[in-house]
Amino acid sequence: MVAWSLLRKFSGLVAMGAWAGAVAIAGCSSTETATASLDGDSSTVKTDTVSDTSTGGKDGADAKVDTAASDVPQEPTKPDEEFWVNYAHIPRIPGSPDPDDQILSGNFNLAASGAVGKFKAGVSPLDAALPALELTKVAFAAAGSYNCAFGCFISDDLQYMAVATGQPDDKGLYSYALGTVAPDLSVKIGKFGTLKDVKHLAFAGKYLFYSQRAKCLGTGKCQYDIHRQGPFGGEDFTDVTLTRMAPDADEDVINGDTTYEGYFRVSADASTVVFLTPTIRSQTLYVWHAGNLAKVDYICPNFDGVKCVGSSSEYHDSDPAAVSMDGKLVVTFAIWDRWLRVRKYEVGSEAPGVFANLVESGAGAGAYLQAYCPFLQPGQHGEVKYEPWFSADSSTVYFVGQSKCGGTGNKLWTDVMSLPVAKIGPDLKPSDWINYTNNPHDNSAKNHVIEWLAMSPQRKYFVLSASAAVTEQGQPIPDGTARTMSDTEVYTMPVGGHVMTPLTNENAWHARVPQAVPPMAKPRS
């Protein structure tokens, strides 16, 4: 997962989370902007707005929307899958004497729904009768001067950690100290040395992957060496360079057109690494798999017969892309001229990728991001952001749909949605989509503005951060008040369900960028 301080490039509130097997621990006080005073649950905290994401289609048929709304009163039920939840704990008042922290909680907390109980930040994953763990305080109690003020990554099995040692340089590059996490969650730094000039980092399987600045071009953009370190716990531990991205032979590198910034995605089994390398007019998809790098696709909306032309594409190396857990399938979302498009690729296959247009803005309507709102049909969204996820069997891809259609100062429109992977292609219809949350398009507390999506290890539950809906006492927050407009809490929701169950509920704190991890093996308090 990307540390909090690195997440800012991907959205207004948070940036990209773990594409594979890592938990982010990071402090954000240096970048958090807000003006606030707290008055119980009718607070007047104002924070940044979240970035958007969505889905849509133009087919005359509506997206499949279940009529069960997310605000239907139901008794909270404990998930039937065991997992822990890690999230960033950020004060809502700027200048608060309480520092940013990272919280490790169990996956069920009745107190967050207003039931009797004082553990509004979650419960200890080791003992639900105790409060959630303030992880950075526990982890660094014996680790000298290290902390997560500038960002941390923890492997999905909670055994290994990378700690940013200071602010990034002028190109956004970090240095990291590497270490191990003991069963009591304390950290020993220095076990695996240090890394310098790192742009992006992710744990997957028993490996650590990272991008390291290699050579910069005259344009100020750089190429990055992609490293794999590991396997952890094995005698054959090595640090190898898998490839350089974008490659030296890439025409966009030769011409100085690449705008690649070091981002990548890794499958959960560490077998596949996916890269999107953009320019101001195109996007190239590279896939590293089984020791080989392949150029899988070249996307150009405006090809004049000789070369790609234009200067206003919406492509980024952080565009939403999902890799199946076994590394065999890739799904990407991007804006292509006046369409929001989804693409599917089979890794290792010579068959070309297939695509479907999800939303189409009108010809001559102007730039897509400013033009799509009038063309959305019920249940659709204009953009897709954050991290999409494959189901465990690779049959479904889940994502957050979001639209900026409510006007300045109003809530964004967001939903958790899915597509059937097998139908991605020319036959995909809006009736194939599923909308799990069906949030209203207004400023009510029932409109949960979703700013992050994660999934449980077995992919049976969504774990998300979204705007607050009830007070700490369990009463509805009045519509349009500051807390429901800007505060964020952590929720769980079963895949196939429609009720978001709060895990946190604190008026004075944001809960952001949650990740779900398997319980640590044989933990001890």
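## Strand pairing, burial and backbone geometry in a predicted model

In strand 31, the bridge partner of Asn-86 is Gln-515. This is a predicted model, in which local features need pLDDT of at least 70 and side-chain atom pairs count only at pLDDT 80 or more, whereas totals for chains, interfaces and linings use all residues. Residues are numbered from 1 along each chain as its sequence is written, and side-chain values use heavy atoms, with hydrogens and water left out.

The pair formed by Asn-86 and Gln-515 belongs to an antiparallel arrangement in which seven bridges join strand 5 (residues 84–91) to strand 31. Two strands are said to pair if DSSP finds at least two bridges between them. Strand 31, which spans residues 509–517, is mostly covered, as nine of its nine residues are buried; here buried means under 20% relative accessible area, exposed over 50%, and partly exposed in between, with a 1.4 Å probe and protein chains only. One residue of strand 31 is Val-513, which has a positive phi of about 50° although it is not a glycine.

Taken as a whole, the protein has five helices and 31 strands, where helices (H or I, at least four residues) and strands (E, at least two) are DSSP runs numbered from the N terminus. Of its 525 residues, 57% count as buried. The protein exposes about 20300 Å², of which carbon and sulfur atoms supply 51%; accessible areas come from the Shrake-Rupley method with a 1.4 Å probe, and for residues only the protein chains shown count as cover. Among contacts (heavy atoms within 4.5 Å) between residues at least 6 apart in sequence, 57% join residues at least 24 apart.

Confidence is given as pLDDT, the predictor's confidence in each residue, from 0 to 100. The protein averages a pLDDT of 83, and 84% of the residues score at least 70. The mean is lowest in helix 1 (residues 4–7), at 31, and highest in strand 19 (residues 321–323), at 98. Over residues 1–21 the pLDDT stays under 50, and the model has 111 contacts beyond four places in sequence for this stretch. Over residues 25–63 the pLDDT is likewise below 50, and the model shows 164 contacts there beyond near neighbours in sequence.

An open sheet of four strands follows the order 27-28-29-30, with antiparallel pairing. Strand 27 (450–455) and strand 30 (501–502) stand at its edges with a single partner strand each, so one side of each is left without a neighbour in the sheet. Within this sheet, seven bridges join strand 28 (residues 461–467) to strand 29 (residues 488–494), and Val-463 has Thr-492 as its bridge partner in strand 29.

The following table sets out the place and the relative accessible area of individual residues.

| Residue | Place | Relative accessible area |
|---|---|---|
| Asp-101 | strand 6 (residues 101–105) | 4%, buried |
| Asp-269 | loop between strand 15 (265–266) and strand 16 (272–278) | 40%, partly exposed |
| Ala-270 | loop between strand 15 and strand 16 | 7%, buried |
| Thr-484 | helix 5 (residues 482–486) | 0%, buried |
| Val-513 | strand 31 | 2%, buried |

Leaving aside neighbours within four places in sequence, Asp-101 is in contact with residues including Tyr-87, Ala-88 and His-89, while the contacts of Thr-484 include Lys-411, Asn-443 and Ser-467. On the same terms Asp-269 touches Met-325, Asp-326 and Gly-327. The C-alpha atoms of Asp-269 and Gly-205 are separated by 5.3 Å, although these residues are 64 residues apart along the chain.

Most residues other than glycine have a negative phi, and most peptide bonds are trans. Ala-270 has a positive phi of about 65° although it is not a glycine. A cis peptide bond joins Gly-230 and Pro-231, with omega about 0°, and Pro-231 lies in the loop between strand 13 (222–230) and strand 14 (238–245). Another cis peptide bond joins Met-245 and Ala-246, with omega about -10°; Ala-246 lies in the loop between strand 14 and helix 3 (251–254).

There are two cavities of 30 Å³ or more, a cavity being a set of points, on a 1 Å grid over the protein atoms alone, where a 1.4 Å probe fits but cannot get out, and lining residues having an atom within 4 Å of a point. Grid points are joined across faces, edges and corners, and a volume is the space filled by probe spheres set on the points. The largest cavity has a volume of about 60 Å³, and among its lining residues are Leu-276, Asp-319, Phe-333 and Arg-343. Strand 20 gives the most to this lining, with three residues.

Definitions and conventions: On a 1 Å grid over the protein atoms alone, a cavity is a set of points where a 1.4 Å probe fits but cannot get out, and a pocket is an open set with protein on both sides within 12 Å along at least five of seven lines; lining residues have an atom within 4 Å of a point.
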